[in-house]
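I opened a new page in my notebook for this protein. I will put down what I look up, entry by entry.

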Amino acid sequence: MVASDVAAFSLPASGGTAAAAAAAAALLPGGIVLGALSERLALRSSPLPLPLPPTSKPGTRQRAWGAAVRATAGAAAVRGLYLWSGMSAVDASISAAALGRASTTGATIKLGADAMAAMLTFVLWTVCLASGAKIGSILQPVGITGGIACGKSTVSELLAANAKGDEQKPKEEDATATTNNKTPFAIIDVDKIGHDILIPGKLIPSESAYANVVREFGTEILSADETTPDVIRSDGGDGISRRIERRQLGDVIFRDPSRRRTLNRLTHPLISKIMLKRVVTWNLFRTASDTANQMVAVDIPLLFEVGTMMKMLFGLKVVVACKPSTQLKRLMSRNADLTEEQCQNRVDSQMPVADKVKMADVVIWNDGDMDTLEAEVEKARADICARVGGWGVSVSKVVLV
């Protein structure tokens, strides 16, 4: 038995254990960027006129586009790591040693210390990159938005309803997510989160906006009933805290844009934090019954109004739209205690629906009856699933495989 040592060499990119570890740490955020960017590109409408047979299923072209983008990104990333980690030099050394000993019966090849280090570095970097890519793709959920009274919540309920028409019980007692047996959807309701952060004691102190909002807007926005039995003090002390009257708070902020900006400054960071936490948790820590859920859809009323960072978070934007006259009529119908002027003020406080439609990837029109809306939702469901599914190909899977 003859052993041949692979020639020793210094790791080309790592420069030592400490540098290799630092590079591994940098690859995690790098993977997040890779995963997010490739996911955004994969979710775009397919720009390629791929020739498909007439018998192809609807969405095949879109699935092929998404799978190709994710596979290409993952393969290019692995190739870069292969060269950067020194694995190409290891393979070359092994090949040379093997050729040199080919005529020797029973010859074996013994890897040198640096060759082993390069291999371990490659494995470590691959895991870090794949983990980052997984998180990055998670942080590109589907965003469902629309104008007030356009039917956004109804669309979310239809997407979340299971095949029997029943809604499954959320994982947590106060969770805002529901599952879907018909297609892989989980809906996270940002409106519900915004409601919860204003209820004293509903959430942990670090996620509650109650104290800051009351401090800023005063006690005139609080309920007149000081003995509401189901509300505890947000500071954890004894006694009862009065609820914030959302109607009274709404009257204040809809009359004064500066006060609305103040409320947004107090609440939006908390809402975003909780939303992101639930998006990541839902994707990474599913139970056995949740394995069919391949995507998260976030029901977010002000997706386009809250800034560029929030718009960048959502890889696919779904807008529920209707005519302005229909919008006002519905709002007045569901808020009989509001005047037409008050309803119009609420509509005018948001970005026009027509502007949102221009920025949408998928539009669901809701100007007809429920049957018409259900048909529109099913068309949108098929489109979304084709974009997000991609035959199950993901950057993280390609990197690991």
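How much area does the protein expose, and what share of it do carbon and sulfur atoms supply? I found about 20300 Å² exposed, with carbon and sulfur atoms supplying 59% of it. I note here that this is a predicted model.

**Entry: overall make-up**

I looked up the secondary structure and found 15 helices and eight strands. The protein has 401 residues, and 43% of them count as buried. I then checked contacts between residues at least 6 apart in sequence: 74% of these join residues at least 24 apart.

**Entry: the cores**

In soluble globular proteins, nonpolar side chains tend to be buried together. I looked for such groups here. The largest nonpolar core has 40 residues, and Val213, Ile244, Leu249, Met275 and Val298 touch the most other members. Elements giving two or more residues to this core include strand S5 (186–189), helix H7 (210–217) and helix H8 (246–255). Helix H9 (257–284) is also among them. H9 provides the largest share of this core, eight residues.

I also found a second, separate core of 21 residues, which includes Val155, Met295, Val320 and Leu373.

Next I picked out Ile244. Neighbours within four places in sequence aside, I found Ile244 in contact with Leu198, Tyr210, Val213, Val214, Ile221, Leu222 and Leu249.

**Entry: helix H14**

Does the span of H14 agree or disagree with its 20 residues? H14 covers residues 370–389, and at 1.5 Å a residue it should span 28 Å. Its end C-alpha atoms are 27 Å apart, which agrees. Buried residues in H14 include Leu373, Val377, Ala380, Arg381 and Ile384. After H14 comes Gly390, with a positive phi near 55 degrees.

**Entry: salt bridges**

Side chains of opposite charge can pair when their charged atoms come close. I counted twelve salt bridges in the structure, and I followed up three pairs.

Glu207 pairs with Lys277, and their closest N and O atoms are 3.3 Å apart. This pair links distant parts of the chain, 70 residues apart: Glu207 is in the loop between H6 and H7, and Lys277 is in helix H9. Glu207 is buried, because its relative accessible area is 7%. Lys277 is partly exposed at 48%.

Lys356 and Glu305 meet in a salt bridge at 3.0 Å, N to O. Lys356 sits in helix H13 (residues 353–358), and Glu305 lies in the loop between strand S6 (297–299) and H10. Lys356 is buried, with a relative accessible area of 0%. Glu305 is partly exposed at 29%.

Arg381 and Glu378 also meet at 3.0 Å, N to O. They are three residues apart in helix H14, so about one helical turn separates them. Arg381 counts as buried at 3% relative accessibility, whereas Glu378 counts as partly exposed at 34%.

**Entry: helix H4 and a surface patch**

Which residues make the nonpolar surface patch of about 420 Å²? I found Val123, Val127, Leu400 and Val401. Val127 lies in helix H4 (residues 113–138) and is partly exposed at 42% relative accessibility. Thr126 is in H4 too, but Thr126 counts as buried at 8%. Beyond its neighbours within four places in sequence, Thr126 is in contact with Leu81, Val399 and Leu400.

**Entry: Asp191**

Last, I looked up Asp191, in helix H6 (residues 190–196). Asp191 is partly exposed, because its relative accessible area is 40%. Residues up to four places away in sequence aside, Asp191 touches Lys152, Asp299 and Pro301. The C-alpha atoms of Asp191 and Ser153 are separated by 9.4 Å, with their positions 38 residues apart along the chain.

Methods. Residues numbered from 1 in each chain as written. Predicted model: local features only at pLDDT ≥ 70, side-chain atom pairs only at ≥ 80, totals over all residues. Heavy atoms only, no water. Helix = DSSP H or I, 4+ residues; strand = E, 2+ residues; numbered from the N terminus. Buried < 20%, exposed > 50% of the residue type's maximum accessible area, 1.4 Å probe, protein only. Contact = heavy atoms within 4.5 Å. Core = buried A, V, L, I, M, F, W, Y, C linked by side-chain atoms within 4.5 Å. Expected span 1.5 Å × (residues − 1). Patch = residues over 30% accessible without salt bridge, like charges linked within 9 Å, V, L, I, M, F, W, Y side chains within 5 Å. Areas by Shrake-Rupley, 256 points an atom, 1.4 Å probe, with all protein chains shown as cover. Salt bridge = Lys/Arg side-chain N within 4 Å of Asp/Glu carboxyl O.
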